[in-house]
Amino acid sequence: MSILTDTTHLHITTWVVSVILFLVAAFMQRDSKGRKIVHMVLRLFYVLIIITGLTLFIEWSSADPMLYGIKFLLGVLTIGMMEMVLVRSKKQKSVTMFWALFAVFLFATMFIGFMLPVGMDFF
């Protein structure tokens, strides 16, 4: 198994775990200690997603720099929307737009990610 395959699997694992942690945190009671802990663990996973994504970006961006750059940007925007939903909901502010943007950015990121040479051949 190559280092590239390991990095790809680690990247996929980190974003899958992050989405699960995000959904758990989003549906927990707003001011609970558990939600705060899950949110802090989720922030750690944000860092892991960015590190593994950056590693893949550096390794593969020469193949198609524009597409990899767009995917990287969409991934960061997805993380941003996850954070906005959690922070704004804690402050009891409206999060409907951020949920919608999260869904759009997540779908777009996954679509482009799976199209790339390192991704799976779904499309």
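Over residues 12-28 the chain is 88% helix and 0% strand, with the end C-alpha atoms 24 Å apart, where helices (H or I, at least four residues) and strands (E, at least two) are DSSP runs numbered from the N terminus. This is a predicted model, in which local features need pLDDT of at least 70 and side-chain atom pairs count only at pLDDT 80 or more, while totals for chains, interfaces and linings use all residues. Residues are numbered from 1 along each chain as its sequence is written, and side-chain values use heavy atoms, with hydrogens and water left out.

The unreviewed UniProt entry annotates residues 12-28, 40-60, 66-86 and 98-120 as "transmembrane region"; such annotations may be inferred rather than shown by experiment. Two of these spans compare as follows.

| Span | Helix | Strand | End C-alpha distance |
|---|---|---|---|
| Residues 12-28 | 88% helix | 0% strand | 24 Å |
| Residues 66-86 | 100% helix | 0% strand | 31 Å |

The largest nonpolar core (buried Ala, Val, Leu, Ile, Met, Phe, Trp, Tyr and Cys residues joined through side-chain atoms within 4.5 Å) has 25 residues, and those with the most contacts inside it are Phe-22, Leu-42, Tyr-46, Met-82, Leu-86 and Phe-102. Helices α1, α2 (33-60), α3 (65-90) and α4 each supply at least two residues of this core, the largest share, seven residues, coming from α3.

In α4, the buried residues (under 20% relative accessible area, 1.4 Å probe, protein chains only; exposed is over 50%, partly exposed in between) include Phe-98, Phe-102 and Phe-105. Val-16, found in helix α1 (residues 3-26), counts as partly exposed because its relative accessibility is 33%.
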